[in-house]
Each structure stands twice: as structure tokens, then as C-alpha cells.
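Colleague: I have a new structure open and would like to learn how to read it. Could you take me through some features one at a time?

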Amino acid sequence: MKSISLTSAVLSSLVFSSAVMASDDCSDPVADWQPPETLRQQLEQHGWEVQRIKVDDGCYEVRGIDKIGNAFNAKYAPASLRIRKLEITFGQDGDAADYLDRNPDQKTEEPSAVTKPSGE
């Protein structure tokens with residue numbers, strides 16, 4: 001009985017792990033793909049240096065350097081050119097906060113000054 005439950009557990013994990021791995025693939029029809037040069041231009045407009053664009057698992061895979069000097073690898077859906085995966089190798093001056101989605105119209109509160117009570 002233990003071997004049946006162990007076998008089913010192993011098979012279940014294999015099915016779920018292959019489903020997770022398949023989610024990195026792009027499934028856009030080739031007829032809908034935009035040219036890789038369009039993606040290159042968009043990235044270069046943001047100050048990124050594109051070293052290579054290739055097709056991997058149906059996605060555009062891009063390798064390059066961002067405007068701060070951090071190396072990046074990214075996957076883009078070829079039809080929409082939306083980013084699917086981004087890996088960044090931060091250099092000395094790199095900070096993950098540089099990649100947070102910020103709404104420029106949204107006002108953020110400035111931190112208030114900390115004051116100490118008199119006598120301290």
C-alpha cells in the first residue's frame with residue numbers, strides 16, 4: 001500500500017512540475033509576432049543595451065545591460081512584447097527598487113522629520 005501512495009505522489013509531482021515548467025513558454029501564433037527589432041528599439045529607448053535577442057520556447061529571450069550597468073536576461077511574449085520573466089544580476093550600484101512599478105501621477109508622502117523631545 002505504501003508503494004502505491006509513493007508512486008502516486010511521485011507521479012503527481014512530475015505532472016505538476018512539468019505544468020509549472022511549461023508556463024514559461026509563450027504560445028503566441030507566429031503570424032501575430034512583432035519583429036524583434038521593435039523590441040530592441042523599445043528597450044534601447046529606456047536606455048538598455050541589447051546584446052542578443054533569440055527565440056526560446058516560443059518567447060523572445062533578450063540579454064543585455066540596463067541603464068545602470070546591471071546585466072539582465074528577459075523573456076518577452078513575441079506578439080504583445082510584454083515581459084514574462086526578468087532576471088537581473090545587480091552590480092555594486094544596483095538596487096531592486098529601480099525596477100518597482102511606480103505610478104508617476106501617484107503622490108507619495110515624504111517621511112516626516114523625527115524630532116526629539118527637549119531635554120534629551
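Colleague: Which residue forms a salt bridge with Lys75?

Modeller: Asp57 does, and the closest N and O atoms are 3.4 Å apart. Keep in mind that this is a predicted model. The pair links distant parts of the chain, 18 residues apart. Asp57 sits in the loop between strand E1 (49-56) and E2, while Lys75 belongs to strand E3. Asp56 comes in too: salt bridges with shared partners join Asp56, Asp57 and Lys75 into one network.

Colleague: Are the two partners, Asp57 and Lys75, buried or exposed?

Modeller: Start from the cut-off: buried means under 20% relative accessible area. Lys75 has 11%, so Lys75 counts as buried. Asp57 has 39% and is therefore partly exposed.

Colleague: How many salt bridges does the structure hold?

Modeller: There are 5. One of them joins the side chains of Arg52 and Glu61, at 3.2 Å from N to O. Glu61 is buried, with 15% relative accessibility. Arg52 is partly exposed at 24%. Another joins Arg40 and Glu37, at 3.5 Å from N to O.

Colleague: Why are Arg40 and Glu37 separated by about one helical turn?

Modeller: Because they are 3 residues apart in helix H2. Arg40 is partly exposed, with a relative accessible area of 21%. Glu37 is partly exposed as well, at 41%.

Colleague: Now the overall fold. What pattern does the chain follow along the sequence?

Modeller: The pattern is α-α-β-β-β-β. That comes to 2 helices and 4 strands. Of the 120 residues, 17% are buried. The accessible surface is about 9400 Å², and carbon and sulfur atoms hold 53% of that.

Colleague: How do I read the strand pairing? How many bridges join E2 to E3?

Modeller: There are 6, and the two strands run antiparallel. Look across the pair: Glu61 stands opposite Lys75 in E3. E2 and E3 form a hairpin with 5 residues between them. Gly69 in that turn has a positive phi of about 110°.

Colleague: Which strand pairs with E3 over 6 bridges in the antiparallel sense, besides the one just named?

Modeller: Strand E4, residues 83-89. Here Tyr76 stands opposite Ile83 in E4. The hairpin of E3 and E4 has 6 residues between the strands, and Leu81 takes a positive phi near 60°.

Colleague: Back to charge. What should I check when a charged residue such as Asp66 is buried?

Modeller: Look for a partner of opposite charge, then for polar contacts. Asp66 has no salt bridge, and the nearest side chain of opposite charge, Lys67, is 8.4 Å away. Asp66 lies in the loop between strand E2 (59-65) and strand E3 (71-76). Its side chain reaches the backbone nitrogen of Ile68 at 3.0 Å. A polar atom of the Asp66 side chain also lies 2.7 Å from the backbone nitrogen of Asn70.

Colleague: Which residues is Asp66 in contact with, leaving aside its neighbours within four places in sequence?

Modeller: Gly47, Trp48, Phe72 and Tyr99.

Colleague: One last residue. Where does Ser27 lie?

Modeller: Ser27 is in the loop between helix H1 (2-22) and helix H2 (36-45). The cut-off for exposed is over 50%. Ser27 has 69% relative accessibility, so Ser27 counts as exposed. Compare sequence with space as well: Ser27 and Pro78 are 51 residues apart along the chain, with their C-alpha atoms separated by 9.0 Å.

Note on methods
Residues are numbered from 1 along each chain as its sequence is written. This is a predicted model: local features need pLDDT of at least 70, side-chain atom pairs count only at pLDDT 80 or more; totals for chains, interfaces and linings use all residues. Side-chain values use heavy atoms; hydrogens and water are left out. Buried means under 20% relative accessible area, exposed over 50%, partly exposed in between (1.4 Å probe, protein chains only). Lys and Arg count as positive and Asp and Glu as negative; His and the chain ends are not counted. A salt bridge is a side-chain nitrogen of Lys or Arg within 4 Å of a carboxyl oxygen of Asp or Glu. A polar contact is a pair of N or O atoms within 3.5 Å; within protein, one must be able to donate a hydrogen and the other to accept it, and residues adjacent in sequence count only if both atoms are side-chain atoms. Contact means heavy atoms within 4.5 Å. Accessible areas come from the Shrake-Rupley method with a 1.4 Å probe; for residues, only the protein chains shown count as cover. Two strands pair if DSSP finds at least two bridges between them.
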